[in-house]
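Here are some short exercises to work through with the model open beside you. Try each task before you read its solution.

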Amino acid sequence: MYDNEGKKEKEELEQELKKAMGSCGHFLYHRKGGRFGQEKILQILYENGFISTENAVDQQLLQAMMNVQSGSISEIIRKMEMKGTVGKVQNKEDRRKNSIYLTEKGSFVLKEKITERNRQEAAMFDALSESEQRELLRMLKILLESWHVSEEIQNKHG
């Protein structure tokens with residue numbers, strides 16, 4: 001089907017495509033706050049109403065929600081406390097445990113980050129004309145459909 005030169009060019013193109021798609025995935029993942037980090041913690045606290053000393057979340061539960069190691073969450077919380085974006089109170093039932101809540105400053109910081117992310121997302125495709133955006137969307141839908149079909153076949157036979 002391909003001569004050696006054509007096969008090499010096709011493999012190089014596929015590698016470039018995979019690298020570019022990986023970079024896009026990385027970019028989008030981190031634009032949305034990633035799996036863990038300070039912004040993700042602010043978001044979880046806000047979305048779940050953990051916004052006061054009376055309505056705080058157990059640090060271990062927050063750790064489970066984030067799916068991170070206890071040392072990691074402790075370090076992130078410590079940094080956030082120093083910035084004033086979260087507060088920590090001793091658990092009333094078990095004084096060995098801490099509960100975390102979103103401070104007013106944390107709420108303000110989160111809203112600023114969301115506003116900035118929305119601004120960046122609105123401009124994300126400005127480098128492409130409207131017809132190029134439609135063509136990109138069309139091609140991405142083809143890829144995604146192909147991957148879903150391939151995954152379904154694998155699950156049936158795997």
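**Exercise 1. Find how open Arg78 is to its surroundings, then find its salt-bridge partner.**

Step 1. Arg78 has a relative accessibility of 39%, so it counts as partly exposed; the classes are buried under 20% relative accessible area, exposed over 50%, and partly exposed in between (1.4 Å probe, protein chains only).

A word on the source: this is a predicted model, in which local features need pLDDT of at least 70, side-chain atom pairs count only at pLDDT 80 or more, and totals for chains, interfaces and linings use all residues. Residues are numbered from 1 along each chain as its sequence is written, and side-chain values use heavy atoms, with hydrogens and water left out.

Step 2. Glu75 is the partner in a salt bridge with Arg78, and their closest N and O atoms are 2.7 Å apart. The term asks for a side-chain nitrogen of Lys or Arg within 4 Å of a carboxyl oxygen of Asp or Glu.

Step 3. Both residues belong to helix 4, three residues apart, about one turn of the helix. Helices here are DSSP runs (H or I, at least four residues), strands are runs of E (at least two), and both are numbered from the N terminus.

Step 4. Glu75 is partly exposed too, at 32%. Lys79 joins Glu75 and Arg78 in a network of salt bridges.

**Exercise 2. Compare two further salt bridges among the nine found in the whole structure.**

Step 1. Arg134 and Glu130 meet through their side chains at 2.5 Å, N to O. They sit four residues apart in helix 6, about one turn of the helix, and both are exposed.

Step 2. Arg96 and Asp94 form a salt bridge at 3.0 Å, N to O. Here Arg96 is exposed, at 75%, whereas Asp94 is buried, at 18%.

**Exercise 3. Describe the largest pocket: what is its volume, and which helices line it?**

Step 1. The largest pocket holds about 670 Å³ of space. On a 1 Å grid over the protein atoms alone, a pocket is an open set of points where a 1.4 Å probe fits, with protein on both sides within 12 Å along at least five of seven lines; lining residues have an atom within 4 Å of a point. Grid points are joined across faces, edges and corners, and the volume is the space filled by probe spheres set on them.

Step 2. Of its 18 lining residues, Ala20, Met21, Cys24, Leu136 and Leu140 lie nearest the centre.

Step 3. Helix 1 (4-31) and helix 6 (130-157) each supply at least two lining residues, and helix 1 gives the largest share, nine residues.

**Exercise 4. Look at the second largest pocket and locate Ser99.**

Step 1. This pocket has a volume of about 170 Å³. Among its lining residues are Val89 and Ser99.

Step 2. Ser99 is in strand 3 (residues 98-102) and is buried, at 8% relative accessibility.

Step 3. Although Ser99 and Val89 are 10 residues apart in sequence, their C-alpha atoms are 5.3 Å apart.

**Exercise 5. Where is Asn67, and is it buried or exposed?**

Step 1. Asn67 lies in the loop between helix 3 (59-66) and helix 4 (70-83).

Step 2. With a relative accessible area of 59%, Asn67 is exposed. Asn67 has a positive phi of about 60 degrees, although it is not a glycine.
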